[in-house]
Amino acid sequence: MPPEPSGYLFDLDGTLYIGAEPVPGAAAAIERLRRRRVPFRFVSNTTSRPRGALAERLRRLGIEAEPRWIHTPLVAAAELLAERGHRVIAPFTPVAALGDLGSVALAGGVSDHPPAANPDAVLIGDLGEQWTYALLQEAFDYVLGGATLIALSRDRYFRRGDRLAIDAGPFVAALEYATGGEAELVGKPSKAFFGGAAASLGLAEVSKSIVMVGDDLWSDIRGAQEAGLAGWLVRTGKYRADALEISGVVPDRILYSVAEVAAEGGAG
């Protein structure tokens with residue numbers, strides 16, 4: 001039997017819950033880890049809600065959570081912006097979560113402030129149906145003017161109801177193609193994102209003994225593996241057997257659902 005993992009990172013939507021419903025057994029799996037004092041964190045590429053709202057949602061579903069246990073692209077972006085000295089940001093991501101960016105100045109994009117002539121950075125998140133041609137043109141103009149293009153996510157799609165919906169990745173790709181540049185990724189599957197989340201577990205080292213559990217082949221599984229972690233794929237959320245077959249991604253384990261984590265008689 002393989003050794004028990006030293007720590008876990010859990011994706012949220014599609015792994016612990018799907019829409020408004022918890023994945024059966026998710027709360028019990030997290031509670032088993034708490035009883036065993038196995039460290040874990042919640043990681044998500046969502047940019048539509050702040051960490052406080054995500055923690056509240058988990059608690060409503062019976063999963064104990066605090067905002068500081070949740071690692072999101074906006075948290076990673078705030079750290080990068082401070083490190084780079086970027087002061088004026090044009091946000092193209094849902095307004096509700098912008099508070100997690102801290103004290104940076106917002107201008108243009110979806111903010112309530114007038115457009116800036118020369119913002120330091122353009123922040124692209126999962127704006128979804130709020131995208132318009134005018135907003136894409138504005139972001140395009142800023143990047144051509146010298147602003148750094150920062151992608152909170154490159155996810156291709158997510159599950160919404162009974163179908164898959166386009167995520168932020170295609171919009172990032174459109175801006176890259178139009179400007180001839182490349183966005184700097186701060187969310188999954190960047191190594192920095194996984195490194196920061198894994199380091200927050202407080203373990204002596206970041207290694208394959210830390211497991212990322214998720215439903216996205218590229219952002220969760222391949223991203224974690226490239227960052228030196230193990231990737232366990234769940235057959236819930238956006239999981240598709242045909243996508244797995246042609247992806248070239250080889251998960252370290254495939255679970256029917258997160259309910260199998262730390263189950264009696266099973267590894268981890």
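Welcome! Start by selecting helix α4 (133-144), which lies across β6, β8 and β9 and runs at about 150 degrees to β6. Some ground rules for these words: helices (H or I, at least four residues) and strands (E, at least two) are DSSP runs, numbered from the N terminus. Axes are lines fitted to C-alpha atoms, for helices over the stretch in contact, and angles run from 0 to 180 degrees between N-to-C directions. Contact means heavy atoms within 4.5 Å.

What you have open is a predicted model, in which local features need pLDDT of at least 70 and side-chain atom pairs count only at pLDDT 80 or more, while totals for chains, interfaces and linings use all residues. Residues are numbered from 1 along each chain as its sequence is written, and side-chain values use heavy atoms, with hydrogens and water left out.

**Stop 1: the sheet**

Now select the strands under α4. They belong to an open sheet of five strands in the order β7-β6-β8-β9-β12, with parallel pairing. Its edge strands are β7 (105-106) and β12 (184-185), each pairing on one side only. Two strands pair if DSSP finds at least two bridges between them. Strands of a sheet pair through backbone hydrogen bonds, either parallel or antiparallel.

Zoom in on β6 (residues 88-92), which pairs with β7 in the parallel sense over two bridges. Which residue of β7 is the bridge partner of Val88? Pick Ala105 to see that partner.

**Stop 2: another helix across the sheet**

Select α3 (residues 73-84) next. This helix lies across β6, β8, β9 and β12, and runs at about 170 degrees to β8.

**Stop 3: helix α5**

Move on to α5 (residues 169-179) and show the side chains of its buried residues: Gly169, Val172, Leu175 and Glu176. Buried means under 20% relative accessible area, exposed over 50%, partly exposed in between (1.4 Å probe, protein chains only). Why are these residues on the same side of α5? Because they cover an arc of only 125 degrees around the axis, taken from the directions from the helix axis to the C-beta atoms. Their cover includes β8 (121-124), α4 and β9 (148-151). Just after α5, click on Gly180, where phi is positive at about 75 degrees.

**Last stop: the whole protein**

Zoom out to see eight helices and 15 strands. The C-alpha trace spans about 60 × 35 × 35 Å along its principal axes. Of the 268 residues, 51% count as buried.
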